[in-house]
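Colleague: I would like a close look at a single helix and what lies around it. Please start with the part itself and then work outward.

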Amino acid sequence: MKAIVYEAYGPPEVLHVKDVDTPAPGRDEILIRVQATTVTSGDCRVRSLTVPRGFGLVSRLALGVSKPKQPILGTELAGVVEAVGSDVRKFKAGDEVFAFTDTRMGCSVEYKCMPEDGAVEKRPPNLSLEESAALSFGGTTVLSFFRKGRLQSGERVLVNGASGGVGTAAVQLARHFGAEVTGVCSSPNVELVRSLGARHVIDYTTDDFTRNGEHYDVIIDTAGTAPYSRCKESLTRQGRLLLVLAGLPDMLLSPWARMTSGRSVVAGPASVRTEDIRFLAELAAEGVFTPVIDRRYPFAQIVEAHRYVDSGRKRGNVIITWGNYEV
Ligand SMILES: NC(=O)c1ccc[n+]([C@@H]2O[C@H](COP(=O)([O-])OP(=O)(O)OC[C@H]3O[C@@H](n4cnc5c(N)ncnc54)[C@H](OP(=O)(O)O)[C@@H]3O)[C@@H](O)[C@H]2O)c1
C-alpha cells in the first residue's frame, strides 16, 4: 500500500509517497481502507519540529532525537471497513467509519488497522466521509480544554483564533454547551465565524478585544496572541484562560494567576478520551457540530497541502483524499 512518510524533520518537501506493507487486522481489530485524512497544525509541528517555547528537548525525546520514530503523520482518517478480526462485533466489512490516532499518528496511509474498542466510530449519516475525517483533532482538543476550564452554560466565552481547525470547533461546541460566544478572527473570516454560532465577532485587524471593556468567563486562545499578561483584565474575577497554544512559561503561570487574582490559566497538551469520539459523532449526527472544510488535496499533493497549513491561515480543516474517491 501507499503511505506518506517523512524520514527527517524539515519543510514540507521532506514528505514523500512510499510503498509499505499493508497491515493485517488482529483478532480484535478492523482494517480500514482509508478514503480521507487531514493535515492539521499538529502534523506540521511534528514534521518540522517547530514547538512552543520550552518544549524543544521533550518533543525530540518523545518524537525521535535525530529522526522521527513514527515516519507516518496524520491523526485523523475516514474510510470503509475492509475486513474485521475474528473477535470483532461492533463493525462489519462495508461500514463507513472515522478514527483518531492522536499522538500515535500513522493515518496518512491507504489501509489502517484500529482496535474495535479504540477511537473509531461509524460515520455520522449526515456528514460526508471527508467531513467525518475532520471531526476529531479540533473537537477533542476543545472538549479537553472546556473540561479543564469547567465551562458552564450561560457563561461568556471568547474564542481567539476562531476560524482555524480548533477555533471553528470551539465556537460550535461552546455554543452547544450554552455559552454566549464571541469569536476573534481576521476580516475574511468574520461571516464564517458568525455562521458557526458566534453572537459577536471581532475582527482583530481593526479591533482589540482587550480594549473593548468587555469581560469573559472563559477565553480560549488558539492563535498564541492572547497570553495572560495581555488579556487578564478581560477575564471576569473567576475567569479562566485556556491556552491551546502555549509555551512552558505560560503553563507555569496558573498557580501565580490564582494566588494573585482568583483567575486561572489552563495550558498543556489536550487529554483526549476515547468516548470523546463517540460524543463528537453524536453531536455531528444532531447537526450541532459540523467540521469546516477549507481545501482538499489528493495524496500526491501532500507537499502543497503542508505548505498551505504551514501558512497558519487555513479556515477549519484541510483534507487529503486517497485513491479514486470522489466527494
Ligand atoms: N494544546 C494542544 O494539545 C493542542 C491541540 C491542538 C492544536 N494545538 C495548537 O493550537 C494552535 C491552533 O491550531 P489550529 O489547528 O486551530 O491552527 P490553524 O487551523 O492553523 O488556525 C490558526 C488560526 O489562527 C488565526 N490567527 C492568526 N493570527 C491571529 C491573531 N493575531 N488573532 C486571532 N487569530 C489569529 C488564523 O485565523 P485568521 O486567518 O482569521 O487570522 C487561523 O485560523 C496550533 O498552534 C496548534 O499547534 C494545541
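Modeller: What follows takes helix α4 first, then the loop after it, then the domains, the ligand and a few single residues.

This is a predicted model. Helix α4 covers residues 136-148. How far apart should its ends be? At 1.5 Å a residue, its 13 residues should span 18 Å. The end C-alpha atoms are 18 Å apart, so expectation and model agree.

Is α4 enclosed or open? Of its 13 residues, 11 are buried, so the helix is largely enclosed by the rest of the structure. The buried stretch begins with Ser-136, Phe-137, Gly-138 and Gly-139. Thr-140, Thr-141, Val-142 and Leu-143 are buried too. So are Ser-144, Phe-145 and Phe-146.

Now step past the end of the helix. Just after α4, Arg-150 takes a positive phi of about 50°. Most residues other than glycine have a negative phi. Two other residues can be set beside Arg-150. Leu-49 has a phi near 55°, again positive in a residue other than glycine. Leu-49 sits in the loop between α1 and α2 (56-63). It has 16 other C-beta atoms within 10 Å, so Leu-49 is partly exposed. Met-105 also has a positive phi, near 55°. Its place is the loop between β5 (96-100) and β6 (111-115). Met-105 has 20 other C-beta atoms within 10 Å and is therefore buried.

Back to the loop after α4. Leu-151 lies there, between α4 and β8 (156-160). Leu-151 is buried, because 22 other C-beta atoms lie within 10 Å. What does Leu-151 touch, leaving aside neighbours within four places in sequence? One contact is Phe-146, itself one of the buried residues of α4. The others are Val-157, Ala-174, Phe-177, Ala-179 and Val-218. Phe-279 is 128 residues away from Leu-151 along the chain, and their C-alpha atoms are separated by 17 Å.

Next, the domains. The protein is divided into domain 1 (2-135 + 291-321) and domain 2 (138-267). Their centres, taken over C-alpha atoms, are 27 Å apart. Where the domains meet, 13 residues of domain 1 are in contact with 13 residues of domain 2. The domain 1 side of that meeting has 5 nonpolar, 5 polar and 3 charged residues.

The ligand draws on both domains. Its shell takes at least three residues from each of domain 1 and domain 2. How many residues surround the ligand? There are 27, and the closest are Ser-41, Gly-164, Gly-165, Val-166 and Ser-186. The elements that give two or more residues to this shell are α1 (41-48), α5 (165-176) and β9 (180-185). By class, the shell has 9 nonpolar, 15 polar and 3 charged residues.

Now look at the stretch of chain ahead of α4. Ser-132 is in helix α3. It has 28 C-beta neighbours inside 10 Å, so Ser-132 counts as buried. Not counting residues up to four places away in sequence, Ser-132 touches Ala-78, Phe-98, Arg-123, Pro-124 and Leu-127. Asn-160 is 28 residues from Ser-132 along the chain, and their C-alpha atoms are separated by 24 Å.

Asn-126 is placed in the loop between β7 (120-122) and α3 (129-133). Is Asn-126 buried or exposed? It has 12 C-beta neighbours inside 10 Å and therefore counts as exposed. Beyond residues up to four places away in sequence, Asn-126 touches Ala-285 and Gly-287. Val-97 is 29 residues from Asn-126 in sequence and 13 Å from it in space, C-alpha to C-alpha.

Finally, the whole protein. It contains 11 helices and 15 strands. The radius of gyration is 20 Å, close to the 20 Å that the globule rule gives for 327 residues, so the protein is as compact as a globular protein of that length. Its C-alpha atoms fill a box of roughly 60 × 45 × 35 Å along the principal axes. Of the 327 residues, 46% count as buried. Among contacts between residues at least 6 apart in sequence, 68% join residues at least 24 apart.

Notes:
Residues are numbered from 1 along each chain as its sequence is written. This is a predicted model: local features need pLDDT of at least 70, side-chain atom pairs count only at pLDDT 80 or more; totals for chains, interfaces and linings use all residues. Helices (H or I, at least four residues) and strands (E, at least two) are DSSP runs, numbered from the N terminus. The expected span of a helix is 1.5 Å times one less than its number of residues. The radius of gyration is taken over C-alpha atoms; the globule rule is 2.2 Å times the number of residues to the power 0.38. Two residues are in contact if their C-beta atoms, placed from the backbone, lie within 7 Å. A residue is near a molecule or strand if its C-beta atom, placed from the backbone, lies within 6 Å of it. Ala, Val, Leu, Ile, Met, Phe, Trp, Tyr, Cys and Pro count as nonpolar, Asp, Glu, Lys and Arg as charged, and the others, Gly among them, as polar. Domain bounds come from an automatic or database domain assignment.
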